[in-house]
Amino acid sequence: MGLFRELREEYEVIKERDPSVKSMMEVLLYPTFKAMHSYRRAHRHYLKGHYFLARLISQRAARKTGIEIHPGATIGKGFFIDHGSGVIIGETAIVGDNVTLYQGVTLGGTGKETGKRHPTLGDNVMVSAGAKVIGSFTVGDNSKIGAGSVVIEEVPPNCTVVGVPGRVVKRNNLKVPQSDMDQVHLPDPVKEDIMVLQQENSELVNRVLQLEQELKSLKKNFGFRNENSAAEKERITTL
């Protein structure tokens with residue numbers, strides 16, 4: 001792939017997902033462009049068995065961009081890293097087409113496995129800032145990983161995952177279009193749980209108050225009957 005063709009393809013990807021880009025030449029300044037250009041070179045050497053040279057190229061790129069992509073990783077078309085500082089992609093990671101990662105994302109392994117030990121991301125997946133996807137499993141097509149989430153289990157397609165550990169909070173939703181890069185307005189399961197607890201607590205308090213009123217009413221009526229019984233006994237005795 002020629003440099004100009006590569007530049008144009010990266011420009012189209014970046015223009016689609018980053019509104020701040022104004023010209024094609026700006027793409028040359030993006031860390032994702034530099035990192036991906038180095039990755040492609042390193043990956044070719046890796047496939048030929050030139051492992052030291054491949055790692056040398058990737059480590060130089062990591063020092064310059066803050067993006068560490070192992071040359072053994074497999075990355076599809078339309079891949080985009082926004083900002084990118086702190087992004088780590090492991091050796092056996094597989095990334096599908098039109099995937100977007102934000103800064104601080106890790107596609108890592110558990111450190112206890114051999115062979116395939118890094119995650120596989122399907123097409124049109126978005127992983128928000130600071131999220132960690134750890135282990136050899138698949139994140140299905142069109143799924144979103146919320147910022148700061150830690151994902152350690154399989155994610156079905158068309159899902160939204162948030163939290164630590166990550167939990168699926170949306171399933172089988174409509175396909176996420178590539179233009180939807182919203183990593184903020186995602187469901188908050190902790191907030192939802194707190195709201196449910198508050199509602200249940202409010203219902204419980206109201207029920208306790210109701211029972212207290214009923215108990216007072218019973219005591220009052222019982223006392224009235226006792227007074228009537230005492231008066232009746234005294235009348236009978238006098239007779």
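A residue counts as buried when its relative accessible area is under 20%. Isoleucine 69 meets that cut-off, because its relative accessible area is 5%. The model in which this value was computed is a predicted one. By the same cut-off, 38% of the 239 residues of the chain are buried. The secondary structure consists of four helices and 15 strands, and 34% of the contacts with a separation of 6 or more are between residues 24 or more positions apart.

Isoleucine 69 is a convenient place to start. It belongs to strand β1, which spans residues 68-69. Leaving aside neighbours within four places in sequence, isoleucine 69 touches Ala35, Met36, Tyr39, Ser58, Ile75, Ile81 and Ile89. Of these contacts, Ala35, Met36 and Tyr39 are listed among the buried residues of helix α2, while Ser58 is listed among those of helix α3. Farther along the chain, glycine 90 is 21 residues away from isoleucine 69, yet their C-alpha atoms are separated by 6.6 Å.

Helix α2 covers residues 31-47. Its 17 residues reach 24 Å from the first C-alpha to the last, close to the 24 Å expected at 1.5 Å a residue. The buried residues of α2 are Thr32, Phe33, Ala35, Met36, Ser38, Tyr39, Ala42, His43 and Tyr46. After the helix comes glycine 49, with a positive phi near 90°.

Within α2, serine 38 deserves a separate look. Its relative accessibility is 13%, so serine 38 counts as buried. Apart from neighbours within four places in sequence, serine 38 is in contact with Ile57 and Ala61. Both of these partners appear among the buried residues of α3.

Helix α3 runs over residues 51-65. It has 15 residues and extends 21 Å between its first and last C-alpha atoms, close to the 21 Å expected at 1.5 Å a residue. Ala54, Ile57, Ser58, Ala61, Ala62 and Thr65 are its buried residues. Viewed down the axis of α3, these buried residues fall within an arc of 135°, so they line one face of the helix. The general background is that an α-helix has 3.6 residues a turn, so residues three or four places apart point the same way. The cover over the buried residues of α3 includes α2 and β1. On the other side of α3, Phe52, Arg63 and Lys64 are exposed. Just after the helix, glycine 66 has a positive phi of about 80°.

The elements described so far also meet around an internal space. How many cavities of 30 Å³ or more does a search of the whole structure find? There are two, and the second largest holds about 40 Å³ of space. Its lining is made up of Ala35, Ser38, Tyr39, Ser58, Ala61, Ile67 and Ile69. The elements that supply two or more residues to this lining are α2 and α3, and α2 gives the most, with three residues. By class, the lining has five nonpolar and two polar residues, and no charged ones.

The buried residues met earlier return here: isoleucine 69 and serine 38 are both part of the lining of the second largest cavity. Ser58 and Ala61, from the buried set of α3, also line that cavity.

Notes
Residues numbered from 1 in each chain as written. Predicted model: local features only at pLDDT ≥ 70, side-chain atom pairs only at ≥ 80, totals over all residues. Heavy atoms only, no water. 1 Å grid on protein atoms, 1.4 Å probe; cavity = no way out; pocket = protein on both sides within 12 Å on 5 of 7 lines; lining within 4 Å. Points joined across faces, edges and corners; volume = space filled by probe spheres on them. Nonpolar A, V, L, I, M, F, W, Y, C, P; charged D, E, K, R; others polar. Expected span 1.5 Å × (residues − 1). Buried < 20%, exposed > 50% of the residue type's maximum accessible area, 1.4 Å probe, protein only. Arc of directions from axis to C-beta. Contact = heavy atoms within 4.5 Å.
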